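Reader: I'm new to this. Could you show me how to read a sheet and an interface?

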2 protein chains.
Amino acid sequence: MDGAELTGKNVLITGASGFTGRHAVAYFKSVGAKVAAVVRRAGVHSFGEGVAVHVCDLNDKQQVRQLINEVQPDYALHLAGKNSVPDSWSDPLLVLETNVMAVLYLLDALRSCPSARTVIVGSRLKYTVEPGRKPEPPHPYSLSKALEEIVSLSWMSLFGQQIMLAEPGNLIGAGPSTGICSLLARHVVACEQEGKREAFRLSGRDNTRDFLDVRDAVRAYATLLVHGTTGTVYPVVSGTERSLGEIADTLLSMSEAEVPVRWDGASSGPDGAGKEEELSLLRKLGWQPQIPFAQSLQDILSDVRRKQGGGTQ
Amino acid sequence: MDGAELTGKNVLITGASGFTGRHAVAYFKSVGAKVAAVVRRAGVHSFGEGVAVHVCDLNDKQQVRQLINEVQPDYALHLAGKNSVPDSWSDPLLVLETNVMAVLYLLDALRSCPSARTVIVGSRLKYTVEPGRKPEPPHPYSLSKALEEIVSLSWMSLFGQQIMLAEPGNLIGAGPSTGICSLLARHVVACEQEGKREAFRLSGRDNTRDFLDVRDAVRAYATLLVHGTTGTVYPVVSGTERSLGEIADTLLSMSEAEVPVRWDGASSGPDGAGKEEELSLLRKLGWQPQIPFAQSLQDILSDVRRKQGGGTQ
């Protein structure tokens with residue numbers, strides 16, 4: 001997919017000011033879509049020209065209805081949500097309200113646009129509910145993502161809506177990410193610019209994760225919006241497991257600075273990402289990752305260097 | 001259980017002005033509990049002396065927190081909820097808000113009373129979520145009851161609360177029920193008092209249902225509050241299937257009036273209630289139905305005769 005199908009289309013993006021949201025707005029704008037960027041709070045949002053910014057509290061169903069009425073989206077990409085596991089312990093109700101009810105408010109409002117196609121972005125950390133077994137989610141966040149999937153697919157079935165689910169793994173890239181690659185890149189740049197000497201703590205060198213560039217993920221979401229099969233849950237992963245050792249070595253090789261790192265965790269092995277049959281779902285639609293891993297790391301590092309240029313973080 | 005364990009205890013009952021709620025308030029009062037009857041709207045509630053009425057919108061989490069703070073319940077019986085399948089189609093969001101989020105608000109507020117024991121009253125119409133299969137609930141109501149169970153058991157697991165689930169079948173008894181027994185009783189009394197001639201339409205004579213007197217159900221809930229095993233889902237049924245034909249014959253035999261009835265539906269067979277292993281869960285705790293079926297019907301009829309005495313309904 002080259003994005004031509006999206007030219008001139010109304011694309012609604014929630015969570016537009018978040019890590020993935022910013023990349024999504026940039027992508028859909030670049031292929032000529034009319035982007036409606038939904039943010040929670042008014043403020044300085046540098047989405048550039050041609051992007052309509054909508055301030056909306058997605059936990060308020062009246063505001064959501066009005067938003068959909070105004071935008072009349074052809075496509076809706078739902079990225080907004082609470083994504084912190086620790087926060088889900090300190091305010092579990094807010095996580096459920098945001099990750100379950102707000103999704104319902106959005107989907108219900110979209111019933112007024114029967115031809116709209118929607119991608120709900122879930123999480124591979126979701127808990128799996130099994131009949132006859134007491135649910136024991138590890139944290140409120142995993143419960144919220146389980147319910148998000150159930151209500152999304154149920155709304156599709158009950159009201160005949162066109163809804164696809166995306167389940168990204170570890171997305172990496174420039175911007176406000178709290179993932180391991182971004183944190184380590186910030187440490188590298190702090191060493192470059194401030195001569196920082198405190199060691200960055202990492203767990204076992206052999207621990208592996210499936211990393212995907214956030215721009216590849218955004219293209220996957222776009223592919224699903226246009227070509228996805230309604231009611232399907234699509235894993236959005238690279239299919240390649242990389243070790244923390246490889247990440248550290250690559251990032252450190254991109255800097256002249258001396259960067260102290262301490263390995264003090266046990267190896268926990270792979271995180272189970274990227275089974276072949278899962279990967280094939282998106283590849284059948286013509287999508288595959290395009291950005292080499294080293295390029296992703298280089299772009300993160302450049303972004304941090306630019307932003308930490310003045311010595312501020 | 002004779003109810004002595006409940007004497008002097010703080011018992012919170014939500015949905016107190018509903019069909020089951022009124023019977024629940026009467027029962028807990030009769031065994032000497034300090035009853036906090038929770039209703040949505042202020043108004044004339046004839047619970048009698050010794051019952052504290054609390055007006056609370058359970059969809060407002062601040063109000064719910066304040067309620068629990070005030071009552072400090074030893075036991076909480078959650079009967080409130082939206083229970084109409086047709087209404088769940090016309091306002092699906094309200095059904096999810098009420099049957100899922102309001103339950104969460106209640107359970108979350110109850111975390112401040114760690115020794116409280118809670119019974120959440122679900123429904124046998126709940127949809128069963130199965131992993132690997134797209135959820136296809138028949139109506140939003142069944143989805144809401146599925147989620148109610150999942151979130152209740154999850155809260156139990158996440159926060160170590162003492163929560164039991166009750167799943168009543170077809171409850172019958174005096175009061176504002178919209179079940180088949182009450183509807184037919186009202187028709188019988190209309191024929192007695194107004195000489196009504198329009199036929200009451202019923203489906204097949206052989207269609208069977210499991211009916212349980214609401215007073216027996218309330219004793220089951222009380223048993224669960226005191227003796228139930230946390231995290232267990234208890235079916236609350238009589239274990240006896242009765243045909244619509246038997247109901248009609250019994251009710252009509254209790255009246256001198258000529259009561260026209262039309263059978264015009266196909267037989268759909270039993271509704272699958274009351275498997276032995278399900279029944280045994282509550283019987284092991286010492287509960288069993290006590291009120292004979294004919295007595296239930298007689299009490300419904302007497303109640304309707306009294307209320308329709310002035311020709312009003």
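Author: Sure, we'll go through a sheet and then a chain contact. Keep in mind that this is a predicted model.

Reader: What holds strands together in a sheet?

Author: Strands of a sheet pair through backbone hydrogen bonds, and the pairing can be parallel or antiparallel. In chain B, an open sheet has seven strands with parallel pairing, in the order β3-β2-β1-β4-β5-β6-β10.

Reader: Which strands of chain B stand at the edges?

Author: Those are β3 (51–55) and β10 (233–236) of chain B; each has a single partner strand, so one side of each has no neighbour in the sheet. On average, neighbouring strands here are turned by 20° against each other, direction ignored.

Reader: How many bridges join β6(B) to β10(B)?

Author: Four, and these two strands run parallel. In β10(B), B:Tyr234 is the bridge partner of B:Ala166. Helix α4 (residues 92–109) of chain B packs on the sheet too, touching β1, β4, β5 and β6 of chain B.

Reader: Now the chains. How do people give the size of an interface?

Author: Often as the accessible area lost when the parts come together. Between chain A and chain B, about 3100 Å² is buried, and carbon and sulfur atoms give 77% of that. A:Leu93, A:Pro135 and A:Leu158 supply 19% of the area chain A buries against chain B, more than any other three residues.

Reader: How many salt bridges are found across the interface of chain A and chain B?

Author: Two. In a salt bridge, the side chain of B:Lys61 meets that of A:Glu97, at 3.0 Å from N to O.

Key: Residues are numbered from 1 along each chain as its sequence is written. Chains are lettered from A and ligands numbered from 1 in the order in which they are written. This is a predicted model: local features need pLDDT of at least 70, side-chain atom pairs count only at pLDDT 80 or more; totals for chains, interfaces and linings use all residues. Side-chain values use heavy atoms; hydrogens and water are left out. Two strands pair if DSSP finds at least two bridges between them. Axes are lines fitted to C-alpha atoms, for helices over the stretch in contact, and angles run from 0 to 180 degrees between N-to-C directions. Contact means heavy atoms within 4.5 Å. Buried area is the accessible area (1.4 Å probe) that two parts lose on being put together, summed over both. A salt bridge is a side-chain nitrogen of Lys or Arg within 4 Å of a carboxyl oxygen of Asp or Glu.
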